Amino acid sequence: MREILEAIQAGASGDDIGNLPIPESYRAAFVQRDEAGMWEGVASEDKDPRKSLHVGEIPTPELAPDEAYVAVMASAINFNTVWTSIFEPLSTFGFLDRLGKESVWGARHARDFHAVGSDASGVVVKVGSAVRKWKPGDKVTVHCNYVDDQSPSAHDDSMLADNQRIWGFETNYGGLADLALVKANQLMPKPAHLTWEEAACNALCNSTSYRMIVSKHAGALEQGQAVLIWGATGGIGGYAVQYVLNGGGIPVGVVSSPERAELLRAMGCEHVIDRKANGYKFWADEHTQDEKEWRRLGKDIRGLIGRDVDTVFEHPGRSTFGASVFVAARGGKIVTCAATSGYMIEYDNRHLWMKLKSIVSSHFANYKEAWAANQLLAEGKIQPLLSRVYGLDEVGEAARAVHRNETEGKVGVLCLAPEEGLGIDDPAFREQVGEDKITLFRNAG
Ligand code: NAP
C-alpha cells in the first residue's frame, strides 16, 4: 500500500496508479467470528469495542467485474461499527454467511473476520471489467448502499431491493482499512474543498438524514414545517438540522448538555431543548411510561415555537418513541431509522390514530439520494460534522467514544492519510464556504 500512497501523494496519473500492483493483503479493522460470544453476560454499556475490534492484515479479495478497489485515505465511525463490535443485536457474521450463499462473488464475504466500516474517502486504484464511469486516479467518497441491479425490486427505489445491504456492516471489506472493496454504484466524487477526513465522515449519516428529512420516500419536508430532532448534534441529527434549515423549516433540537446546546445554536438552530437539564422521565419504571412527561415535552415545544411539530426525527427508540408519537402534531409524522436505546417500542396508539399521525420508516438512502446529499456537500450547502480524528490503530478507542455518547457529530479515522488536513484540491472554494463553517464541530469537539 506504501507504493500506492506515494503515487497518490505525488499526484501520479490515473494510468500510473492503475498500473501499480494491488497487494495480496492489507491493513483493516475487523471483528473475529470466534469472538462472537465474548460478551455473554456483559451489560451493553460495559461492552468495550477496544477488546473486539482488531487491526491487522487481511487477504485482499478478488475484484468482481462491477467493483472497484479504493485506496482509503480516511474513514469514519458509524454506530453500525459499534453494533458490530458489541455483537448486538446480533453477530454480523450471520449477514456475511447469507451473502456468502448468494453467488460465487458473495462467497468472498463469508470469512472468519469481518472488516468493518461504512464510510470512506480515497482514490480508485483499480476497476472491474464492467465498470464504465470510474477509473483509477478518481478521488471519491463511498456511500454504503450495497445493491446489484439484477433484481426488479431494485429499480424503483433501490433501498427496496430484496438483496439491499449496508456495506461494511452486512458485507465484508468495509472502509475502516487501507483498501476497500466497493461496487461501482457506491462511488461519488469527493468534494474538492474538503480534507480526506472531512470528506470521509459524511456519506452514511448525511444521506440517511437527506432521505429522512428531504426525500419523498420519507420526510418530504415542506417550507415552514417544524421538526423535532433528537440527538441534534449527533451524527444523523447534525445533518438533519442543516436540512431543515436549508429547506425553510424550523428545527427544534434536543441535546443533553449546555455545550451541545451552544453548538446547536452556533449551527443556526434557534430552538433548543436540553433533555438532561429538563430531566424528562418518559418511563416511570421499566414497564410503564408516564404520559405527564410526554405532555411536559409537548408543552416545552409549544413554549418555544408556539405549536406542535409536524415531524419528529426519531432514532433513540424505546426511550423516546412514546413521547415522539405524542408530541407530533395532528396529521404529523414520526420518521424513524433506528432504536439506539432498544427496538421493542411502546407508544399509545390512540394518539396515533385519533390524530391521524403516521410512523414512517426510513433506512439509509438510494444512490440518487446519496448523490444529491453528496452534491450539496460539494456545493458548500451542507457542512461536514467532523469533531474528532483518530488513527486506524485507535479504531477501538474511537468506537468506544461513540458508544459512550462522548462525541459530537462525526468521528473521523485516518487510514492511509498520514496526517490531518490533506486532500484539499479547491482552497479558493473552501475559503468561499468559510473555514469556520466547515470546522464548526472540529473546534467544538
Ligand atoms: P450518534 O452520533 O451517537 O448520535 C446519537 C445522538 O442521540 C446522541 O448525540 C445523543 O444526543 C442522542 N441520544 C442517544 N441516546 C439517547 C436517548 N436515550 N434519548 C434521547 N437521545 C439520545 O449516533 P448517530 O450516528 O446519529 O446514529 C443514531 C442512531 O441511528 C444509531 O442507532 C444508528 O445506528 C442509527 N442510524 C441508522 C441509520 C439507518 O440508515 N437506518 C443510519 C445512521 C444511523 P444527546 O445525548 O445530546 O441528546
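Just after helix α1, Gly-11 takes a positive phi of about 70°. That glycine makes a handy way into this predicted model, beginning with the helix before it. Helix α1 runs over residues 2–9, and its buried residues are Ile-4, Leu-5, Ala-7 and Ile-8. Around the helix axis these residues cover an arc of only 160°, which puts them on the same side of α1. The general geometry fits: an α-helix has 3.6 residues a turn, so residues three or four places apart point the same way. As for partners, the buried residues of α1 pack against α2 (14–19), and also against the strands β3 (67–77) and β5 (120–127).

Helix α5 can be read in a similar manner. Spanning residues 93–100, α5 has Phe-93, Phe-95, Leu-96, Leu-99 and Gly-100 as buried residues. Looking down the axis of α5, one finds the buried residues within an arc of 155°, so they line one face of the helix. What do the buried residues of α5 pack against? The answer is three strands: β1 (25–32), β4 (113–115) and β8 (165–166).

Further along the chain, Ser-209 sits in helix α7, which covers residues 203–214. Is this serine, Ser-209, buried or exposed? With a relative accessible area of 0%, Ser-209 is buried. Leaving aside residues up to four places away in sequence, Ser-209 touches Val-214, Ile-236, Tyr-239, Ala-240, Tyr-243 and Phe-313. The tyrosines Tyr-239 and Tyr-243 are thus among the contacts of Ser-209, as is Phe-313.

Stepping back to the whole chain, the protein has 18 helices and 20 strands. Its radius of gyration is 21 Å, close to the 22 Å that the globule rule gives for 445 residues, so the protein is as compact as a globular protein of that length. Taken along the principal axes, the box filled by the C-alpha atoms is roughly 65 × 50 × 40 Å. Of the 445 residues, 58% count as buried. Contacts reach well along the sequence too: among those between residues at least 6 apart, 73% join residues at least 24 apart.

That leaves the surface and the charges. The accessible surface of the protein comes to about 18500 Å², and carbon and sulfur atoms account for 49% of that area. On the charge side, there are 46 positive and 60 negative side chains in the protein, with the centres of the two sets 6 Å apart.

Notes: Residues are numbered from 1 along each chain as its sequence is written. This is a predicted model: local features need pLDDT of at least 70, side-chain atom pairs count only at pLDDT 80 or more; totals for chains, interfaces and linings use all residues. Side-chain values use heavy atoms; hydrogens and water are left out. Helices (H or I, at least four residues) and strands (E, at least two) are DSSP runs, numbered from the N terminus. The radius of gyration is taken over C-alpha atoms; the globule rule is 2.2 Å times the number of residues to the power 0.38. Buried means under 20% relative accessible area, exposed over 50%, partly exposed in between (1.4 Å probe, protein chains only). Contact means heavy atoms within 4.5 Å. Accessible areas come from the Shrake-Rupley method with a 1.4 Å probe; for residues, only the protein chains shown count as cover. Lys and Arg count as positive and Asp and Glu as negative; His and the chain ends are not counted. The place of a charge is taken as NZ of Lys, CZ of Arg, CG of Asp or CD of Glu. The arc is that of the directions from the helix axis to the C-beta atoms.
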